[in-house]
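Trainee: Could we go through this model together? I would like to learn how each label is earned.

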Amino acid sequence: ERPRGILADDTVASTSADAVVLYRSALARMRASNWVAAHAELGRALQADPTFAPALLRCALTASFYEGADAGRVRFREAARARDRLAPRDRALLPLVEAIVLTDPPDFEQTLRRAREVSEAYPDDAELLLLSGFTLVGTEPEFARKNAVRALEIDPGYADAWQMLGGALATLDRFAEASVALERCITEGTEGADVVFELALLAAVQGDLRSMERHARRGIAVEPNGHFRRFLLGVLFARGARRAAIAPVIEQAAATMPPSMRRATAGVYEASFDILEGDFASAASRLDATEIEQDEGGWGEMLSTKASLRLDLALECGELKAAGALALAYLDEREARERPSFTLKDLTPLCAGVAARSGMLHRRDAIAERDAWLSATRDVSLGAAWGLAFAPWVDDAAALAEARKTMPAPERFLFFTRDTFRAEAGLVLLRIGEIDHALARLRVVARACLAPSAPFRSTHANLWLGEACEARGLRDEALAAYRTVIARWCRA
């Protein structure tokens, strides 16, 4: 069979010519690594023809990421019922999509097994090679890398495959090659915020503050209301900037918000910089005074940022009881809100772990919270990464073992984890006795200022680095790490 690109001119059956046009447009968006736009096009195609089987199958994937696990499951079941209207290659894809969106909790081993089956059955199908590997970039990077390379041999302009290749290479610590691949993704497709953020993280793990700043500013141009401004504040601080120099960044951030949200936006960003400077009293005062209008655009993101900062502040100050009370309150508040824009759900693993460590939540209930969150998370790498936020805080042997199981091979740096949880990944390794692997990771975290906008992570990275150094008899390095911690905690 001839090699097949994602835009191969196959005949697809639909009751609506418009649906076919929209479906092909969605495939082009996916090729360009713009799944947000692809999801919108698939939705419009299904409005024109609700029984359009190929669109239902792909919408099961996009919906699981952009609408939530339940929406993805609904679309998958509709696609499965329409299997007789799917081409053979799409029918072969059904079991893999089932493993990605339907298994509860996610079955990582089954996902890998079915991904291998699809890849072996269709080694010349660029789209199926990509869909087999994209959720396994962080946990099976060599498998994802090989799939991406073959997909690009078939279609060198496949931007989505360039992004998958970049992520896989980054997980394998091949940072220079990863940067080239991600830049090629942008050249061939669209300058998406997620790709730019991956480039910023690549610069971070290499301690390249100049490139971090360049990518942060680049990200702001792509996504003015996103998290890049907080990231930029941290980078500027790490490069020696002080209050006067960051004022324009804060003003620009506020200007992108509705008028009634501008004061609150400025307050949150000012508090973030207070924490960076170690002025914890000022940060607490600003956050207490910040009121967020919940009927305005962007309120969910800003409320989540405020919640995250308050929790970070309590942890940075070593106030575990206060952190536990906040974490428990956020878990309760998350359940009370139904708006899809409310994003405190992303704090669930950390909140559950902190609440358990502080004694505010029974360990059994914390594990139930974590499991429910993982069941709703369909990206294998994302679930593994954010799950790491939970295990070190509950300090439960089973949770630590499970967190370790989700990591890549120990010789690889955990690039796939969210920047704010690399320190916790190091702690997992420390707690289960893999001292040398923990030491390698914590050194990178502490050196590279990987999360300058969430400084308590860097503080704890130095605390845990000191522990790892002590375990190996590295007295001078341990003292240097502890001095960093003391310098910040004395100001608390």
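Mentor: Happy to! A search of this predicted model finds 26 salt bridges in the whole structure.

Trainee: Why is the R286 and D274 pair called a salt bridge?

Mentor: The cut-off is 4 Å between a side-chain nitrogen of Lys or Arg and a carboxyl oxygen of Asp or Glu. For R286 and D274 the N to O distance is 2.6 Å, so the pair qualifies as a salt bridge. R286 lies in helix α16 (residues 280–289) and D274 in helix α15 (residues 262–277), so the bridge ties together parts that are 12 residues apart in sequence.

Trainee: What makes R286 partly exposed or buried, and what about D274?

Mentor: Buried means under 20% relative accessible area, and partly exposed runs from there up to 50%. R286 has 30%, so R286 counts as partly exposed. D274 has 1%, so D274 counts as buried.

Trainee: How do you know that D436 and R472 form a salt bridge?

Mentor: Their closest N and O atoms are 2.8 Å apart, and that is within the 4 Å limit, so the label holds. The pair links distant parts of the chain: D436 sits in helix α25 (residues 435–448), while R472 sits in the loop between α26 (455–471) and α27 (475–491), 36 residues apart. D436, at 46%, counts as partly exposed, and R472, at 41%, is also partly exposed.

Trainee: Which residue does R443 bridge to?

Mentor: R443 forms a salt bridge with E477, with the closest N and O atoms 2.9 Å apart. R443 lies in helix α25 and E477 in helix α27, so this pair ties together parts that are 34 residues apart in sequence. R443 has a relative accessible area of 33% and is partly exposed; E477, at 27%, is partly exposed as well.

Trainee: Which residues are linked in a network of salt bridges?

Mentor: The network takes in R58, R89, D90, D125 and E127. As general background, side chains of opposite charge can pair when their charged atoms come close.

Trainee: Where does D125 lie, and why is D125 called buried?

Mentor: D125 lies in the loop between α6 (108–121) and α7 (126–133). Its relative accessible area is 3%, under the 20% cut-off, so D125 is buried. The side chains of D125 and R89 are joined by a polar contact of 2.7 Å. Leaving aside neighbours within four places in sequence, D125 is in contact with R4, R89 and I154.

Trainee: Now the rings. Why is the F197 and F228 pair edge-to-face?

Mentor: Ring centres must lie within 6.5 Å, and planes over 60 degrees apart count as edge-to-face. The centres of F197 and F228 are 5.7 Å apart and their planes are at 80 degrees, so both conditions are met. F197 belongs to helix α11 (residues 193–205) and F228 to helix α13 (residues 228–238), 31 residues apart, and the pair links distant parts of the chain. F197 counts as buried at 15%, and F228 is buried at 0%.

Trainee: How many aromatic pairs does the rule give?

Mentor: The count comes to five aromatic pairs. Ring pairs also link W35, F65 and F134 into a cluster.

Trainee: How many helices and strands are there, and what share of the protein is buried?

Mentor: The protein has 27 helices and zero strands. Of its 492 residues, 57% count as buried.

Terms used: Residues are numbered from 1 along each chain as its sequence is written. This is a predicted model: local features need pLDDT of at least 70, side-chain atom pairs count only at pLDDT 80 or more; totals for chains, interfaces and linings use all residues. Side-chain values use heavy atoms; hydrogens and water are left out. Rings of Phe, Tyr and Trp (its six-membered ring) pair if their centres lie within 6.5 Å; planes under 30 degrees apart count as stacked, over 60 as edge-to-face and the rest as tilted. Helices (H or I, at least four residues) and strands (E, at least two) are DSSP runs, numbered from the N terminus. Buried means under 20% relative accessible area, exposed over 50%, partly exposed in between (1.4 Å probe, protein chains only). A polar contact is a pair of N or O atoms within 3.5 Å; within protein, one must be able to donate a hydrogen and the other to accept it, and residues adjacent in sequence count only if both atoms are side-chain atoms. Contact means heavy atoms within 4.5 Å.
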